[in-house]
Amino acid sequence: MLNLSMKPTGWFQIGWSAEIPPGAVKPMKYFDHDLVAFRSDKGELAVLDAHCHHMGAHLGYGGKVKGDCVACPYHGWQWNTQGENALIPYQDQPIRKKLHKWDVVEQHGIIFFWHDPAGGSPRDGWLPDVFAHPDLPANPDDYYPCYPDAVVFAPNEAIHPQLMTENAADTMHFRFTHNAPEDPVLLSFDTSGPIWQAATGFRSKATKEIAMYLHARNAGVGLNFSIFDHPQLARRLVLSCTPIDDQTSDLRVSYYFLRDPKSPDVMPESVRQMARHTVSLFEEDAVIWRHQKFVQRPIFARQDVAGYSALRSWCEQFYEATESAQGPIKVMDA
């Protein structure tokens, strides 16, 4: 049975790389931690605990990048990308106490953040690559960058990441939520490791044959990597839900569209129209998630049982925190 803590273990998206160019500082809050993200003058990204050990000022509000350090806006103490105190302007020696440095990875313009409530290091094999699918690899250079033209950002939503994750096993909602002409078919799923892998087939209304495949990989309960395999609708996306605290999450969608050979460097208007449409596609799901109760023991239809049961059993490995979520996720027995 899932405890639905808002502090699951895994990788989570906390932004896009282009939001933090060299010399930039950005305040953040995730998993109830006040954080500061900054990029050194040479381009190295760091995410640290936000409050200066001196007098507790938040480095993300008014802090300045100085070389490979962020300087406190209050008294100028400098902290480098390893969290070390590198300079106290009015003292010869820095202090040895460090700010906690969080593990981050940048991948195809997305910033991923490792969270383990026990403080453990990132685990091997827990972060897929949207372009390195074992059966459908692709060259990222063949796709437009996702940011800023093909992204969706929904901050401070009262949505638990489990609700988003359960779409991985849900084929029946496509007809009712997204107006799919036919019910898709869950063709396969694999729960043998830390990555949920599944293939879904979408039928043609005319021929009833499968005309498009959706290949999905879920990394824990906060990340989904999907590939739409279709001659005209080929695209890749990353869907994320990252807890801020015990009540809210930030949701993001990042789409990668194939480059048009006639306009490889600038996204043409036809692709921009598809990118704009992604907002309404996201809202079709989000409007349900915002008002949804999590049902601990659902009354499944026969079609639901295999996929949902396997997914929920697989999800249990990521809820290592002992506390349960407070606030928007109401547990209801049916």
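1. T171 is buried, with a relative accessible area of 6%. In this predicted model, T171 sits in the loop between α1 (161-165) and α2 (173-177). Leaving out residues up to four places away in sequence, T171 touches P184, V185, L186, T200 and Q303. T171 counts as buried because 6% falls under the 20% limit for that class.

2. An open sheet is built from 3 strands in the order β1-β11-β10, with antiparallel pairing. β1 (10-16) and β10 (104-107) are the edge strands, and each of them pairs on one side only. On average, neighbouring strands of this sheet are turned by 30 degrees against each other, direction ignored.

3. Within that sheet, β1 and strand β11 (residues 110-115) run antiparallel and are joined by 6 bridges. A reader who wants to follow the pairing residue by residue can start at Q13, whose bridge partner in β11 is F112. In a regular strand, side chains alternate between the two faces of the sheet.

4. Which residues touch the most other members of the largest nonpolar core? They are W196, V238, Y256, F282 and W289, in a core of 57 residues. V238 can be followed further: leaving aside its neighbours within four places in sequence, V238 is in contact with Q13, I110, F112, V130, L223, N224, F225, R252, V253, S254 and Y256. Two residues on that contact list, Q13 and F112, are also bridge partners between β1 and β11.

5. β2 and β3 pair in the antiparallel sense over 6 bridges. K26 stands opposite A37 in β3. The hairpin of β2 and β3 has 2 residues between the strands, and F31 in this hairpin takes a positive phi near 55 degrees.

6. D32 lies in the loop between β2 (25-30) and β3 (33-39). Phi of D32 is near 70 degrees, a positive value in a residue other than glycine. Is D32 buried or exposed? Neither class applies, since its relative accessibility of 38% makes D32 partly exposed. D32 also belongs to a network of salt bridges that links it with K7 and D246.

7. K208 is another residue other than glycine with a positive phi, here near 65 degrees. K208 is placed in the loop between β14 (195-203) and β15 (210-219). With a relative accessible area of 45%, K208 is partly exposed.

8. The peptide bond from Y147 to P148 is cis, with omega near 10 degrees. P148 is found in the loop between β11 and β12 (151-157). A reader checking the backbone may want to look at this bond directly in the structure.

9. The loop between β11 and β12 also holds D149, and R272 lies in helix α3 (residues 269-289). D149 forms a salt bridge with R272, in which the closest N and O atoms are 3.2 Å apart. The pair therefore ties together parts that are 123 residues apart in sequence. D149 is partly exposed, with a relative accessible area of 34%, and R272 is partly exposed as well, at 26%.

10. How many salt bridges are there in the count? The count comes to 14. One of these contacts joins R123 to D116, with the closest N and O atoms 3.2 Å apart. The two partners fall into separate exposure classes: R123 is partly exposed, with a relative accessible area of 29%, whereas D116 is buried, with a relative accessible area of 8%.

11. The side chains of E269 and R276 also meet in a salt bridge, at 2.4 Å from N to O. E269 is partly exposed, with a relative accessible area of 41%. R276 counts as partly exposed too, at 47% relative accessibility.

Technical notes:
Residues numbered from 1 in each chain as written. Predicted model: local features only at pLDDT ≥ 70, side-chain atom pairs only at ≥ 80, totals over all residues. Heavy atoms only, no water. Pairing = 2+ DSSP bridges. Helix = DSSP H or I, 4+ residues; strand = E, 2+ residues; numbered from the N terminus. Axes fitted to C-alpha atoms, helices over the stretch in contact; angles between N-to-C directions. Buried < 20%, exposed > 50% of the residue type's maximum accessible area, 1.4 Å probe, protein only. Salt bridge = Lys/Arg side-chain N within 4 Å of Asp/Glu carboxyl O. Core = buried A, V, L, I, M, F, W, Y, C linked by side-chain atoms within 4.5 Å. Contact = heavy atoms within 4.5 Å.
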